[in-house]
Amino acid sequence: VRNLSDLQGLKVHVRPGPSTEAFRMVGASPVNMPAPDLYDAVEKGVLDGGTMPWGAILSFRLYEVFRYRTVESPLMNLLFIIMNREKWNSLPPDIQQAIMSVSGVQGAAIASANHGFNEGAEALEIMKKAGKVMEEVHLDPGEYEKWQGIAGKPLWDKYVAELEAKGLAGKKVLERLLAIREKYK
């Protein structure tokens, strides 16, 4: 996928939620399914592609069935680890501190490092040893901005409006998310 035209009608695995809505808005046919089913789905032509980190490409050996990889990601996925408040309050302070030491902004940096940003070189080496190559593809100039205008900004605005309607600081949250995205791009 180099541009929006390449994406039209492609059956693409995405995570449920905003990613599904975003890919629908840019003309793809988003598909939600469990990760262990991806290999067979691609091999049988049920899926044309997917959005996934290097860890998933390695774990599920997707490099055996995918031939191309678009380097730039038009998505920013949010990952959360949540806990029941009563359980949290029952933990000793040292355990709470240990959890908090890998949470927040520093936790996001750790998660992104372990969720694919630093795995690319390792993945490419494993693929090379296996005799498999995924051709590296880049978005055409200006494409990222097009995607952002068609799906990103409308979804961000919707998110902000939903938070603001609940009395939460939606605009402030979005500004912080975009600043973090820019920093770790």
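## Asn-3, an aromatic pair and a parallel sheet

Setting aside its neighbours within four places in sequence, Asn-3 is in contact with Asp-140, Glu-143 and Trp-147, where contact means heavy atoms within 4.5 Å. The model is a predicted one, in which local features need pLDDT of at least 70 and side-chain atom pairs count only at pLDDT 80 or more, whereas totals for chains, interfaces and linings use all residues. Residues are numbered from 1 along each chain as its sequence is written, and side-chain values use heavy atoms, with hydrogens and water left out.

Asn-3 is placed in the segment before helix H1 (4-7), helices being DSSP runs of H or I with at least four residues and strands runs of E with at least two, numbered from the N terminus. Because its relative accessibility is 17%, Asn-3 counts as buried (under 20% relative accessible area, with exposed over 50% and partly exposed in between, for a 1.4 Å probe and protein chains only). A polar atom of the Asn-3 side chain lies 3.0 Å from the backbone nitrogen of Asp-6.

Trp-147 also takes part in an aromatic pair, and the count of such pairs comes to one. Its partner is Phe-23, and the arrangement is edge-to-face, with 6.1 Å from centre to centre and 90 degrees between the planes; rings of Phe, Tyr and Trp (its six-membered ring) pair if their centres lie within 6.5 Å, and planes under 30 degrees apart count as stacked, over 60 as edge-to-face and the rest as tilted. The pair links distant parts of the chain, 124 residues apart, with Phe-23 in helix H2 (residues 18-25) and Trp-147 in helix H9 (residues 143-165). Both Phe-23 and Trp-147 are buried.

An open sheet of three strands follows the order S2-S1-S3 with parallel pairing, and its edge strands, S2 and S3 (49-50), each pair on one side only. Strands count as paired if DSSP finds at least two bridges between them; two bridges join S1 (residues 11-13) to S3 in parallel, and His-13 stands opposite Gly-50 in S3.

The protein has ten helices and five strands, and 29% of its 185 residues count as buried. The mean pLDDT is 85, and 86% of the residues reach 70 or more, pLDDT being the predictor's confidence in each residue, from 0 to 100. The two extremes of confidence are tabulated below.

| Element | Residues | Mean pLDDT |
|---|---|---|
| Helix H7 (lowest) | 104-117 | 59 |
| Strand S2 (highest) | 29-31 | 95 |

Where pLDDT is low, the predicted coordinates should not be read in detail.

Key:
A polar contact is a pair of N or O atoms within 3.5 Å; within protein, one must be able to donate a hydrogen and the other to accept it, and residues adjacent in sequence count only if both atoms are side-chain atoms.
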